[in-house]
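Please open the model in your viewer and keep the selection tool at hand. The tour proceeds by selections, each followed by an account of what is found there.

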Amino acid sequence: MLLNKKGSFAATYCHIRTQGKFLAFSTANLRWLSRMKENGGDLHRTILLGWVSIVALSGCSLFRSFPEHAVQHHAFIDYWPPPAGSKGLRLAVKDNIDMKGIVTTAGSEYFAEHNAPAEKDAPCLAIARQRGVQIVGKTNLSEFAVAPSGYNEYYGTPKSPISHFRNLIPGGSSCGSAVAVARGLADVSFGTDTAGSVRVPAACCGVVGLKTTHGLISIDGVYPIEPRRLDTVGPIGKDIAFTVQGMDLLESGFAAKYAAAEAAKPSAANIRVGRLVLKGADPKIDQAVDAALAKAGFEVIPLDDSFRQEWEQATSDGNTVAAVGAWKTDRPYLFKSGIAGRTKSAILLGRLFYPRAYHRALARREKWQDALRRVFEKVDFIALPTLQATPPAIPPNLGIGILEALVLKLQNTAAVNFAGNPAVALPIPLVHDTVHVTSLQLVGPPRSEAELLNAGRFVEASTKK
């Protein structure tokens, strides 16, 4: 059959051609990549080579016809605009979170066509339901939440709000959640964060994203990547106040905790921030972070080079564990028609690290958690850029595979997930640049979400002066 049921010859041909090339890669090159890794290649080089294989799989997506309901800048998979004149809080929900009566697509054509509607809401929606909050839609994401750029071949990639002239990445995987908030289509959204998937799109779209403490918010009813150690649900808001409201929909009594944090620390001068400087960051990004911390009025304490090395190892380990989690969760779909070739390559990437690199990474996790605990005896929070550079543009079609590896290397987020700690991404201006923004990441001890958002309040207030 040359036409698929959506009437797209090119899309059907792409599946056939993609599968053939994908299988050739997986049998011919996977062993070579594994040997390269064992012989001393670092994680980023391995990931780059793995993602480069996707380049050959991407040729047909230029001709892809998107579903009719891919609406509102591709931010939503299903969009339900509120009634005219409605003034209540508008909540958007990432479409890997179950909502009763709605198919949870996880950004996938295969799930959209083969999965039954969810039988019940995920527990993380319970408070919003009890309060009668207006849910305005299920938001788009990279398929199975595995692509850090936010690219989605089937539903379309959400349009970045940052630039009208360049097609910038929205960040992944909670791309639709961030774009919906940034474009004013929702006041707050729920996203998920396994290795940066709330904070990275928040950074790319100029909004606030909160990664919560692992285990604080139930992830039952959430399509997983690595639920045992990494997966979290968190809010995205256009500012701190809306992010607090979003968090109050996820954790009962959070508004009171935030009020207590405000009362305990009414001034930034009493907050100690450990400044972490990583190799490879764009100097103008580091300059923006330093300027934001100084303008907010924190007591800034430089962190030493030994901690930087521990952070870098934890980043590598966190990415390894996340990749293996995707392999364990999604491998049943490797040979299914309707799964994008780049998604299949991402799944196979996890197989590359399992079991040897995976078990070595897990063996270092407790040591990394101890290193963070020691730092938090000296400072209240750790500050660093959310991304090493400003959001890159989506390249011509043949560059998509390389783009994923690039974005993975740019994000400074996976080490936080590997420990299980909370962190917030905050938009800050670039120095001497009135057009673009970047993002400051503040990392806190476990269950310090209220204190993190209070600290973020001082950053936000200082940028508006």
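A residue is called buried when its relative accessible area is under 20%, exposed when that area is over 50%, and partly exposed in between. Please bear in mind throughout that this is a predicted model.

**First selection: Asp370 and Arg373**

Select Asp370 and Arg373 and display their side chains. A salt bridge joins the two, with 2.1 Å between the closest N and O atoms. Both residues belong to helix H14, which covers residues 365-375, and their spacing of 3 residues places them about one helical turn apart. Is Arg373 buried or exposed, or does it fall in between? Its relative accessibility is 48%, so Arg373 counts as partly exposed, given that the exposed class begins over 50%. Asp370 is also partly exposed, with a relative accessible area of 28%.

**Second selection: Arg308 and its partners**

Move next to helix H11, residues 305-330, and select Asp305 and Arg308. Their side chains form a salt bridge with an N to O distance of 2.6 Å. The pair is 3 residues apart, which corresponds to about one turn of the helix.

Now add Glu312 to the selection. The side chain of Arg308 meets that of Glu312 in a salt bridge as well, at 2.7 Å from N to O. Here the spacing within helix H11 is 4 residues, again about one turn.

Colouring by accessibility is instructive at this point. Arg308 has a relative accessibility of 6% and therefore counts as buried. Asp305, by contrast, is partly exposed at 44%, and Glu312 is partly exposed at 30%.

**Third selection: a salt-bridge network**

Select Arg275, Asp286 and Asp290. These residues are linked in a network of salt bridges. The structure as a whole holds 18 salt bridges. As a general point, side chains of opposite charge can pair when their charged atoms come close.

**Fourth selection: the nonpolar cores**

Turn now to the nonpolar residues. The largest nonpolar core has 53 residues, and those touching the most other members are Leu91, Ile97, Phe298, Leu440 and Leu442. Centre the view on Phe298. Which residues does Phe298 touch, leaving aside those up to four places away in sequence? They are Ala268, Ile271, Val273, Leu293, Ala455, Phe458 and Val459.

A second core, separate from this one, comprises 33 residues. To locate this second core, select Leu278, Phe307, Phe376 and Ala415, which are among its members.

Key
Residues numbered from 1 in each chain as written. Predicted model: local features only at pLDDT ≥ 70, side-chain atom pairs only at ≥ 80, totals over all residues. Heavy atoms only, no water. Core = buried A, V, L, I, M, F, W, Y, C linked by side-chain atoms within 4.5 Å. Buried < 20%, exposed > 50% of the residue type's maximum accessible area, 1.4 Å probe, protein only. Contact = heavy atoms within 4.5 Å. Salt bridge = Lys/Arg side-chain N within 4 Å of Asp/Glu carboxyl O. Helix = DSSP H or I, 4+ residues; strand = E, 2+ residues; numbered from the N terminus.
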